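Reader: I would like to learn how to read a model of this kind. Could we go through it feature by feature?

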Amino acid sequence: MRSCNLAAGALAALVVTALGLGTAVSQSTSRKPHFGKPISQADLAAWDIDIRTSDGKGLPQGKGTVAEGKALFAQQCVACHGDAAKGGPMYGSMVGGIGSFTTNARVLTPGSMYPYAPILFDYIRRTMPMTAPQSLTNDQVYALSAYILNLNGLIAENAVMDAASLTKVMMPNRNGFVVDNRPDTTAKRCMANC
Amino acid sequence: MSRKEKAPGASSRGATLKESSHIHSQDRRSFLRGGTLLAGATVASAAGLTGARAQRLEIPPSGKEMGHIIEAEAYGMPSKFEAKVKRRRTDVLVNKQNWSDWSMTPLQSQLGIVTPNGLFFERHHAGVPDIDPDHHVLVIHGMVKQPLKFSMSDLMRYPSVSKFHFLECSGNGLTDWTKAASKTVQQSHGLLSCAQWTGVPLATLLDEAGVDPAAKWALFEGADGSTHARSIPMDKVLADTLLVWGQNGEMLRPEQGYPLRAFVPGWEGNVSVKWLRRVKIGDQPWHLRSETARYTDPMPEGKWRQFSFMMECKSVITRPSGGMKLQGPGSYEIEGFAWSGNGSIKAVDVTLDGGKNWREARLEEPALDKCLTRFRYTWNWDGGPAKIASRAVDSTGYVQPTVSDIAKARALVGFVQHHNGVFPWSIGQDGEVKNAIV
């Protein structure tokens, strides 16, 4: 008798648990999972390094000269990129090529190819020097951008690059891009005597 | 009993058997590598249709001894007889260094539609980082109501999906537009692989962060030494872009972005940013080096086509393919892959005469959306010179073009991306299979 009561009690408890679980499950499926944790702009500042290169949005404070860039390049870049960035053991030339795109030998360099000068800042800061990426100060990145632009004949030897002046440099390939127009072929499924 | 403890008497017979299995494996390995392709007919006659030569089967050594023990724990590796099946660094276009470089999948050896994780092609811009998943963080910010960060364990709590999709580098085939530079299909098409990807739709996380309705683009950025980044249109981000941690039933390999990568189905591999650390929402693209100076297509009049993300419908015959040799006239299975970033494969045609006449190949199930699909065609080779190629049609009705079709619309100069042209192999009277793109 007693054991019978106990069993009934246990059964009732089980039913309650099952019902409870049922409610919990249906609640959790009706509510979307939410596991992200808020983060402040200040806390993610070191990662927020992208530059919108068309208008320079995101370019930091700081500045650098061609001369400073030349000295830095000799220390940190020349081993891979060669003298005056004309090509080294790890990468080809980073100068010249302007005007080559209408020939059959297009020469791609920052000077000939980049539509916006802040691309240099964005790329050098995030990727170079390859052996120690993200180790340069903003002033150093401006200076190196200035040096490479000067080697390509796009700014004067005494130019100073900062957020405003870098954005204003007129790049020869500014209007060189078209949007994706594919499909650009119309092949037919010919089966015989094609 | 271990092999070393074997009775001396057994060793001489053991040696003979080992010798013969060595010969067998040589054949098998060169077959897989593409050295020899046996005709079904040749096999059939050698195996007994002639019936004259009696050769009694012996009990193989594997049946007369204990095998290897089950290790207490192990990560299983392929048979030692498959050692030649490797992904290989590009050797047609040799880079000056091997950090920003690529390696290619041996498509000629791939069975089925799934590329084994150890053979999946690679493309990195500053080598492969080793990232501790316990310390990996993903941030979503920019034009959102609430910037959020996620740990890997946060991300893996979301309801996940698992999808089969191909991944192809936009540079696949760039050496073989106007000259037959590659010998093998691994070199000409090996920047292509396919896997089952497990992760969470990025739309789920963006919903949680609350995207500004004016948002049009997202930036994906990696945590590797190149901090590689790309701009992706919001439409695609919300449609089917995944953040994945799983590949073919296990966590991503380090070289595939461990512990987290973006996966953008059907689009050029470069946008499926690996080691993903940041998603920033904006209203314009960023025009980074990776989407201006690189990953753009040369067009007539000195122009460049930008944001050409789609990997259009394409196919290639993987067997027989470059470097293989047919062993005399007879019946051969022509096999290959077809795929499209725009949908599924509807049909594949095969030509045996260099494109004059075409016949429909058989598609092997499954033929999934944005996924490698196998085709086959049984060919009775008469032993004469032939030129074989495949041509795929996808679910949008798009027909794979030839290189000359493409040349009418684009400028084929320099390192040209997005080669989805029909790719012919020539077969000589000696059975040698060669790249015949020109």
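**A buried acid, an interface and some backbone exceptions**

Author: Start with one side-chain pair: Asp176(B) and Asn435(B) are joined by a polar contact of 2.7 Å between their side chains. Keep in mind that the model is predicted.

Reader: Where does Asp176(B) lie in chain B?

Author: Asp176(B) sits in a loop of chain B, between β6 (161–168) and α4 (185–189).

Reader: Which side chain of opposite charge is nearest to Asp176(B), and how far away is it?

Author: For a salt bridge, look for a Lys or Arg side-chain nitrogen within 4 Å of a carboxyl oxygen. Here the nearest candidate is Lys179(B), at 8.4 Å. Asp176(B) is buried and has no salt bridge.

Reader: Which residues is Asp176(B) in contact with, leaving aside neighbours within four places in sequence?

Author: The list is Ala181(B), Ser182(B), Ser188(B), His419(B), Phe423(B), Asn435(B) and Ile437(B). Asn435(B) is also the polar partner from the start.

Reader: Now the interface. How many residues of each chain are in contact?

Author: Count both sides. Chain B brings 74 residues, and chain A brings 60. Then take the area: about 5700 Å² is buried between the two chains, 54% of it on carbon and sulfur atoms. Lys96(B), Arg289(B) and Trp304(B) supply 13% of the area that chain B buries against chain A, more than any other three residues.

Reader: How many salt bridges does the rule find across the interface?

Author: It finds 14 between chain B and chain A. One to inspect is Asp48(A) with Lys280(B), whose closest N and O atoms are 2.8 Å apart. For polar contacts, the count across the interface is 47 residue pairs, both residues at pLDDT 80 or more.

Reader: Which strand gives the most to the side of chain B that touches chain A?

Author: That is β15 (residues 303–306), with 4 residues. Sort that side of chain B by class as well: 31 residues are nonpolar, 19 polar and 24 charged.

Reader: What elements does chain A have, and in which order do they run?

Author: List the elements, then read along the chain. Chain A has 7 helices and 4 strands. From the N terminus the order is α-β-β-α-α-α-α-α-β-α-β.

Reader: What share of chain A is buried?

Author: Of its 194 residues, 38% count as buried. Sequence separation adds another view. Take contacts in chain A between residues at least 6 apart in sequence: 57% of them join residues at least 24 apart.

Reader: Next, the backbone. Where is the peptide bond cis in chain A?

Author: Check omega. The bond from Met128(A) to Pro129(A) is cis, with omega near -5°. Pro129(A) is in the loop between α5 (118–127) and α6 (138–151) of chain A. Chain B has a case too: Glu365(B) and Pro366(B) are joined by a cis bond, with omega about -5°. Pro366(B) falls in the loop between β20 (362–363) and β21 (373–381) of chain B.

Reader: What is phi at Ala84(A)?

Author: Look for positive phi in residues other than glycine. At Ala84(A), phi is near 50°. Ala84(A) belongs to the loop between α3 (78–81) and α4 (110–113) of chain A. Its relative accessibility is 25%, so Ala84(A) counts as partly exposed.

Reader: And what is phi at Asn248(B), and where does that residue lie?

Author: Phi is positive, about 50°, and Asn248(B) is not a glycine. Its loop runs between β10 (242–247) and β11 (250–251) of chain B. With a relative accessible area of 23%, Asn248(B) is partly exposed.

Key: Residues numbered from 1 in each chain as written. Chains lettered and ligands numbered in written order. Predicted model: local features only at pLDDT ≥ 70, side-chain atom pairs only at ≥ 80, totals over all residues. Heavy atoms only, no water. Helix = DSSP H or I, 4+ residues; strand = E, 2+ residues; numbered from the N terminus. Buried < 20%, exposed > 50% of the residue type's maximum accessible area, 1.4 Å probe, protein only. Lys, Arg positive; Asp, Glu negative; His and termini not counted. Polar contact = N/O pair within 3.5 Å; in protein donor to acceptor, adjacent residues only side chain to side chain. Contact = heavy atoms within 4.5 Å. Buried area = accessible area lost by both parts, 1.4 Å probe. Nonpolar A, V, L, I, M, F, W, Y, C, P; charged D, E, K, R; others polar.
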